[in-house]
Amino acid sequence: MDLEVKEQVYELLASIGEALDHLAEQEDAEVRQMVALGRGQVTEALEKALGCSLRERIDVDNLPDEDWLITAYRIMEQINEPFQPQNFFDREFWRLLEYIWGHSRQELVGQMKRSLFELKKESKENYQRYVEYFAKYPLWGSIEPKKDDFDTFERRAAVLKWHSYDFLWLWRRTADYLSKRTLCAILLNWAFLNMSYVLTVKSIFPDYWEPDLFPDNKGDVLVDVGAYVGDSIEQYVKMYGKGYSKIYAYEISEDSCRQLRRNVEAMRLHDVIIRRKGAGAASGELFVAASGADPSANQLGQVGSPQQRVEVAALDDDIEDKVTFLKMDIEGAEQDALLGCSRILREHHPKLAICIYHGYDDIWQIPTLIDNIAPGYQFYIRHYGGNLIPTEFVLLGL
């Protein structure tokens, strides 16, 4: 792609971005038509530069406008600086991308179904655990093979197909090969139900507290959002000791807060401030939606009884101290909470441990959001969960 065409593409992308901002405030048929025309022009230019059909490679026609815009910028990054595999792991990841690009969404779903039925042949127990997991934790969609319900596979296939360039960006953006291999292991599990690779990348350390990245806690002001009963705080103190300055513990469930207070007292911790609040983009009130599976999976919702009402705070408005460490595990509300602490991210640049497994999009959307708010972080990905269905993977930032 020559310089003149690149400049034209970037001008078009900037115009489309402005148009989408306008449409977010007010629908306008003429502006919507302009976006569609611009999409077509940019797509044509990208296809010419790549020498392939984006309709086949990433199902571009079905991408929502906002996702398409991000993807177009990602593709321009790849055109400007092509990814050149340097080693076995780079080539392994590139082969996975080529597999995704070479198959339709329905073909990807078909492979997932075949992998599931192979699992059933190999181990009925693991097959049953797999199916029951999605019934217990519906964040990732549903799966009921007897009813021909493969919703979670449909979601996976859409994310793999639409966001392959986001995954390529994340591969290049992470700071070490354990992170890259962890990303590859997760995607291989999604695409093929591959359980063996996940075992090779599981962290040997307790969730969040990686001494290679975070060697000590001297003077830390830790903000634990989703503190539950203090299990993560206990591991934090066990790993580093009591040299921290202060701990803010946010938890939405009243019963969990009571147990949290008891545990903090039992551990004889100093300067722990417990706040029965949720964290969000803005201050207000929401309701605790109790999980039938586990109190640790309780979420915030828009409706509920007066007894379920809970205050929600933007962390920027709720904490005066300089935050040095921010941990979040809040059942899919991480992106909203990060928007509410954008000042903290920009001005304090705290160490980060943010869960990115509560939805199929979180794994790329959360690092993208942080990058937009506070550029300059070094990103790492660590996996702490099981291998049947990889969860408990976390974005760490320095």
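Author: A residue is called buried if its relative accessible area is under 20%, exposed if it is over 50%, and partly exposed in between, with a 1.4 Å probe and protein chains only. The structure is a predicted model, in which local features need pLDDT of at least 70 and side-chain atom pairs count only at pLDDT 80 or more, whereas totals for chains, interfaces and linings use all residues. Residues are numbered from 1 along each chain as its sequence is written, and side-chain values use heavy atoms, with hydrogens and water left out.

Reader: What makes L193 count as buried?

Author: The relative accessible area of L193 is 9%, and because this falls under the limit for that class, L193 is called buried. L193 sits in the loop between α10 (177–192) and α11 (196–201), where helices (H or I, at least four residues) and strands (E, at least two) are DSSP runs numbered from the N terminus.

Reader: Which residues is L193 in contact with, beyond its neighbours within four places in sequence?

Author: Contact means heavy atoms within 4.5 Å, and by that criterion L193 meets M112, S115, L116, Y130, F153, R156 and L188. The C-alpha atoms of L193 and K113 are separated by 9.4 Å, although the two residues are 80 apart along the chain.

Reader: Why is D148 classed as exposed, and E392 as partly exposed?

Author: D148 has a relative accessibility of 58%, so it counts as exposed, while E392, at 25%, counts as partly exposed. D148 is found in the loop between α7 (124–136) and α8 (151–162), and its phi is positive, about 55 degrees, although it is not a glycine. E392 is placed in the loop between β10 (379–383) and β11 (393–397), and its phi, near 60 degrees, is likewise a positive value in a residue other than glycine.

Reader: Why does one side of β3 and of β10 lack a neighbour in the sheet?

Author: The sheet is an open one of 7 strands in the order β3-β2-β1-β8-β9-β11-β10, with mixed pairing. β3 (272–275) and β10 stand at its edges with a single partner strand each, so one side of each is left without a neighbour. From one strand to the next the twist averages 15 degrees, where axes are lines fitted to C-alpha atoms, for helices over the stretch in contact, and angles run from 0 to 180 degrees between N-to-C directions.

Reader: How do you know that β10 and β11 are paired?

Author: Two strands pair if DSSP finds at least two bridges between them, and 5 bridges join β10 to β11, which run antiparallel. Among the partners, Y380 is matched by L396 in β11.

Reader: What makes the pair of D220 and K351 a salt bridge?

Author: A salt bridge is a side-chain nitrogen of Lys or Arg within 4 Å of a carboxyl oxygen of Asp or Glu, and the side chains of D220 and K351 meet at 3.0 Å, N to O. The pair links distant parts of the chain, with D220 in the loop between α11 and β1 (221–225) and K351 in strand β9 (residues 351–355), 131 residues apart. Both D220 and K351 are buried.

Reader: Why is the pair of E81 and R172 said to tie together separate parts of the sequence?

Author: E81 forms a salt bridge with R172, the closest N and O atoms being 3.7 Å apart. E81 lies in the loop between α4 and α5 (88–101) and R172 in helix α9 (residues 164–173), so the pair ties together parts that are 91 residues apart in sequence. E81 counts as exposed at 53% relative accessibility, whereas R172 counts as partly exposed at 33%.

Reader: What makes the approach of D65 to R32 and to R39 a polar contact in each case?

Author: A polar contact is a pair of N or O atoms within 3.5 Å; within protein, one must be able to donate a hydrogen and the other to accept it, and residues adjacent in sequence count only if both atoms are side-chain atoms. The side chain of D65 lies 3.1 Å from that of R32 and 2.7 Å from that of R39, so each distance is under the limit. D65 belongs to helix α4 (residues 65–80) and, at 16% relative accessibility, counts as buried. E27, R32, R39 and D65 are linked in a network of salt bridges.
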